[in-house]
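Work through the exercises below with the sequence and the structure at hand. Try each task before reading its solution.

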Amino acid sequence: MAHLVVLSGPSGVGKSAIISEILNELPDTWLSVSATTRTPRPGEVDGVNYFFRSQQEFDDLITHGELLEWAQFAGNRYGTPRRAVQERLDAGIPVLLEIEVQGAMQVRAAMPEAILVFLKPPSWEELESRLVGRGTETPEQVAIRLETARSELESVDFFDHVVVNDDVSRAALELVSYLS
Ligand code: 5GP
């Protein structure tokens, strides 16, 4: 059975950089593309970064049971298309999900064999400065994401592994070991 690894962690912790390294290291790993009601950021492409969906379209995905998990995060909804994940796992391809904590908990319930990894910032100050520094959110949105981060950091005990993102390459290697 191929591995299903779920990577969670507060917004701004550096999940994307680590995922790039993992995919370089393990090119056969499949990174799931989520559906979201969030507006695309500049440069984000529909079907690549996310499937950008209207509220109605997202409602339909839920109603038709097409999502493995979904959650509300900072005012938007996000969910993992079920079939694409199952097809990869059935074909023996390792799957990586990059989702927030409530979604990780739903994956645990639906697929108990999933490996849940929480990526932690080296410090709270570091997280704040990364989230503000990347400049992709308004100050109001940053405040909401930091508030969410505080409660997410309280959920670490739920995870199988906690990885501190003090060094991207080292943290990525730790994740590679869970996928292979
Ligand atoms: P962003 O808006 O920064 O792209 O993502 C916000 C949060 O939503 C991140 O913590 C990200 O991991 C999470 N997220 C992305 N896709 C999904 C998904 O399919 N399900 C859940 N539960 N969370 C997701």
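The exercises treat the ligand site and then a sheet, both in a predicted model.

**Exercise 1. The shell around the ligand**

Task: Find how many residues surround the ligand and how they divide into nonpolar, polar and charged.

Solution:
- Step 1. The ligand is surrounded by 16 residues.
- Step 2. R38, Y50, Y78, E98 and E100 are the closest of these.
- Step 3. Sorted by kind, the shell holds five nonpolar, four polar and seven charged residues.

**Exercise 2. Polar contacts and cover**

Task: Identify the atoms of G79, T80 and E100 that approach the ligand, using the cut-off of 3.5 Å between N or O atoms for a polar contact.

Solution:
- Step 1. In G79, a backbone N or O atom is 3.1 Å from an oxygen atom of the ligand.
- Step 2. In T80, a backbone N or O atom is 3.3 Å from an oxygen atom of the ligand.
- Step 3. E100 uses its side chain: a polar atom there lies 2.6 Å from a nitrogen atom of the ligand.
- Step 4. The ligand taken alone exposes 510 Å², and 95% of that is buried by the protein.

**Exercise 3. Where the ligand sits**

Task: State which pocket holds the ligand and which elements give two or more residues to its shell.

Solution:
- Step 1. The largest pocket is where the ligand sits.
- Step 2. Two or more residues of the shell come from β5 (67-73), and β6 (76-81) also gives two or more.

**Exercise 4. Assembling the sheet**

Task: Use the strand pairings to work out the order of the five strands in the open sheet.

Solution:
- Step 1. Begin with β2 (residues 30-31), which pairs with β7 in the parallel sense over two bridges. Within this pair, W30 is opposite V95.
- Step 2. Strand β7 (residues 95-98) is also joined to β1 (residues 4-8), in parallel, by four bridges. Here V5 has L96 as its bridge partner.
- Step 3. Strand β8 (residues 115-120) runs parallel to β9 and is joined to it by four bridges. V117 of this pair is partnered with H161 in β9.
- Step 4. The complete order is β2-β7-β1-β8-β9, with parallel pairing.

**Exercise 5. The edges**

Task: Explain why one side of β2 and one side of β9 are left without a neighbour in the sheet.

Solution:
- Step 1. Strands β2 and β9 (161-164) are at the edges of the sheet.
- Step 2. Each has a single partner strand, so one side of each has no neighbour in the sheet.
- Step 3. As background, strands of a sheet pair through backbone hydrogen bonds, in either a parallel or an antiparallel manner.

Note on methods. Residues are numbered from 1 along each chain as its sequence is written. This is a predicted model: local features need pLDDT of at least 70, side-chain atom pairs count only at pLDDT 80 or more; totals for chains, interfaces and linings use all residues. Side-chain values use heavy atoms; hydrogens and water are left out. A residue is near a molecule or strand if one of its heavy atoms lies within 4 Å of it. A polar contact is a pair of N or O atoms within 3.5 Å; within protein, one must be able to donate a hydrogen and the other to accept it, and residues adjacent in sequence count only if both atoms are side-chain atoms. Accessible areas come from the Shrake-Rupley method with a 1.4 Å probe; for residues, only the protein chains shown count as cover. On a 1 Å grid over the protein atoms alone, a cavity is a set of points where a 1.4 Å probe fits but cannot get out, and a pocket is an open set with protein on both sides within 12 Å along at least five of seven lines; lining residues have an atom within 4 Å of a point. A molecule sits in a cavity or pocket if more than half of its atoms lie within 2 Å of its grid points. Ala, Val, Leu, Ile, Met, Phe, Trp, Tyr, Cys and Pro count as nonpolar, Asp, Glu, Lys and Arg as charged, and the others, Gly among them, as polar. Two strands pair if DSSP finds at least two bridges between them.
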